[in-house]
Structure formats: C-alpha cells, structure tokens
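Biologist: Please take a close look at one part of this model, the metal site, and work outwards from there. I would like each term given with its cut-offs as you go.

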Amino acid sequence: MENNETGGWIDPALPLCELHRHLDGNVRVATILDLARRHRIELPANDVETLAPFVHIDDSEPGLVAFLKRFEYLVAVLADDDACRRVARENVEDAAAEGIDYIELRFSPAFMAERHGLDPRAVIDACAEGVAEGVAATSVKVALIGILSRTYGVDACMRELDAVLDRREHFVAVDLAGDEAGYPPALFRPHFDRVREAGLHVTVHAGEAAGPESVWSAINDLGAERIGHGFRSAEDPELVQELASTGIGLECCPTSNLHIQAVERYADHPIRALAAQGVRFCLNTDDPGISAVTLAHEYSVAAPAIGLDRATVRRSQADALAMAFLSDIERDALVRKAGARS
Ligand code: ADE
Ligand code: ZN
C-alpha cells in the first residue's frame, strides 16, 4: 500500500518494520486452495470467495485457544517441504507488497510439521529456503524467529528447541507462543537458558491471555528482551514502570487483540495509556492470514481508532527499528534506504 493511501500515518522517511508476524499465520486463501488441489485435501469450499469466511475472522473468537483453532486450514495444506517453502516465499512477497522494509517472521516448526508428519528440521530448512527466494526477488530484509509451541507441553517444546538450535544459523531469536494461560513462562526456564546460551534473542508472548504476572515471569525467568502483546501490563503500575525504565518494548497487535476478545473495542486498547507512561511499543499484524489485515491497516485504521496521536505512531515506527533484533550497522543501512526514497 502506498503511503498516500495510509493518510500519512506511515512516515516514508523512516524504515517500515514489522516485528511480530507468524509465517504460519499468513497463508493466502488462494494458496490454501491450490495446495489442497495438488495434495487432494478436502476443504469446505472451492473458491477464494467462499473459502475466505472459513479462514478469515470477521468478528472475533471467544479467547486465544478458540482463535488458534482458526489455523486449521492453514496447516492442513502444509503437506510437504515444498508447501512450507512456498508459504515462506509468499510471506516475503506479501511484506514487499505492503511496503515493509524489514520483517521478523516467526514460526513453530513442530506446529507446521504436525499435521502431515513432516520433519521439523526439514520444515526449518524449507522456510529458510523460501525466505531466501523471496528476499532475492524483493528488497525486503528478513530475520526469522523460532517459536516453541507451549500448547504441546514442556517436553515437546524441548524437542522443538533441539530442532531450532540444530538450525541455529537461520534464527535471530526464540519465542514462546500458544496457550499462554495454560502454560506459564516459568515452566520453560530451562529452554530459555539454552536459548540465551546459544546467543539468540528472546521474545515471549505474555500479557495477552494472562495477567501482568506472565510478563514479570517472561522477563525474570526467561530473559525476555521484548514482549509479544503485553498489553495487560497496564494492570500493574510497578510493571509499567519497569517496562518504561528498561525499554523492554511491547509488540502490539491491536486487531488480533480484538479478534481474541481480549479487548472489546480499539478505543479500549491499553496501549494508549501504556504509551503515555513511556512504554516502548511497535505496531504489528500477528496473523494476517486469519485477521485479514495489513501492517498499513494497523497504522492507519487501528492506531487512530485506539486514540494514538500522530507523534506517538511515528515514534512507534521509529521504535520498531530500535526494538528490532538487528546490529547497529544493519539498522543504519535501513535508515539510509528509507532516507534515499524520501
Ligand atoms: N500463535 C499465533 N498467534 C498467537 C497469539 N496471538 N498468541 C499466542 N500464540 C499465537
Ligand atoms: Zn503472536
């Protein structure tokens, strides 16, 4: 989307960065149909218009776990490594079409592998190849984050981590996602000790389906440098102070939060109060294949509906770059690229 279509909410002189997008939460409806045809997988509809309502969320689902059930059709078509490669490549193409300069794409190898009994290590290789193909064809810079799917339990997450660390070179960070309320962060302390020992960054889904205690634990037990969502931090003034003073930033995904009914209306989103208290944040899409949003939507529709002013949104665009798991040299290159086009 061009900036003139976003009402000036995206500053073209700054790099546009997305730090929280699930690669396995962003499969095009047309790709689901095509892969289903190739692999003879049955779907409830046979064209884009009629399948879209099964895949996209139009209103909301009661809670995170119900929302995650929407992934059904996305993973149903990951029938082989080629399918994973294609989905990864298309994620980069989608980012390019949205005008994104830098994107951190995250995925759970075990979740992608489960349905068709794929090898999680082969899934990682296929995703890395697909991303490399996408990068070669576009000007998007991409980094990968490995997800541990907490819903599968502590032992399965350790095996998933083994796969991620076997392919350490493909990743900049590890995340913990899935059923947050059922699996508190502290259960995964041994996992994240290994993540940090391997020199990888840490971001953790917390303060979305559980309260501020989950954010404290993500920071103190797992060493989180950023928090996925984290908006429930607003319930604990001491935590708000901690986030503001340490610069641990929130990866805010406003429309996704509405879709799991964690927030009733954009105007009720706690990020406005958090930002006003000095908490760093950036705007993201989370699962565009389910929520049917673009990053431009989060900047130009969600952010103003939340009540964020232009200066705050511009600062969040700059903070996305500051929060990115990049070296200063890589950050400077993105700043120069944005400067050259404006
Ligand atoms: N996996 C995909 N989207 C997620 C979310 N919003 N929270 C936790 N895990 C997820
Ligand atoms: Zn997420």
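Modeller: Helices (H or I, at least four residues) and strands (E, at least two) are DSSP runs, numbered from the N terminus. The model is predicted, so local features need pLDDT of at least 70 and side-chain atom pairs 80 or more, while totals for chains, interfaces and linings use all residues. Residues are numbered from 1 along each chain as written, chains are lettered from A and ligands numbered from 1 in written order, and side-chain values use heavy atoms, without hydrogens or water.

The zinc ion (ligand 2) has as its donors NE2 of H20, NE2 of H22, NE2 of H205 and an OD atom of D286, at 2.1 to 2.2 Å. Donors are N, O and S atoms within 2.8 Å of the metal (3.2 Å for Na, K and Ca); with water absent, sites may look incomplete. Along the chain, the donors of the zinc ion (ligand 2) are spaced as H-x1-H-x182-H-x80-D. H205 belongs to strand β5 (residues 201-206), whereas D286 sits in the loop between β8 (281-283) and α14 (288-291), so these two donors tie together parts that are 81 residues apart in sequence. H205 is buried because its relative accessibility is 6%; buried means under 20% relative accessible area, exposed over 50%, and partly exposed in between (1.4 Å probe, protein chains only). D286 is also buried, because its value is 2%.

Another buried histidine is H269, which is classed that way because its relative accessible area is 2%. H269 is found in the loop between α12 and α13. Beyond its neighbours within four places in sequence, H269 is in contact (heavy atoms within 4.5 Å) with F231, C252, P254, N257, V263 and I306. Of these partners, N257 stands 12 residues from H269 in sequence, and their C-alpha atoms are 8.6 Å apart in space.

The loop that holds H269 also holds Q261, between α12 (254-259) and α13 (271-276). Q261 has a positive phi of about 60°, although it is not a glycine. Most residues other than glycine have a negative phi. The relative accessible area of Q261 is 45%, so it counts as partly exposed. A second non-glycine residue with a positive phi is R40, at about 50°. R40 is placed in the loop between α1 (29-38) and α2 (48-55), and it counts as exposed because its relative accessibility is 77%.

On helix α11 (residues 237-246) lies E238, which counts as exposed because its relative accessibility is 60%. From E238 to P212 the C-alpha separation is 9.9 Å, with their positions 26 residues apart in sequence.

Finally, there is a helix pair. Helix α5 (residues 81-97) and helix α7 (residues 120-137) have axes that come within 7 Å and cross at roughly 35°. Axes are lines fitted to C-alpha atoms, for helices over the stretch in contact, with angles from 0 to 180 degrees between N-to-C directions. On α5 the contact is made by D81, C84, R85, A88, R89 and V92, and on α7 by A122, V123, A126, C127, E129, G130, V131, E133, G134 and V135.
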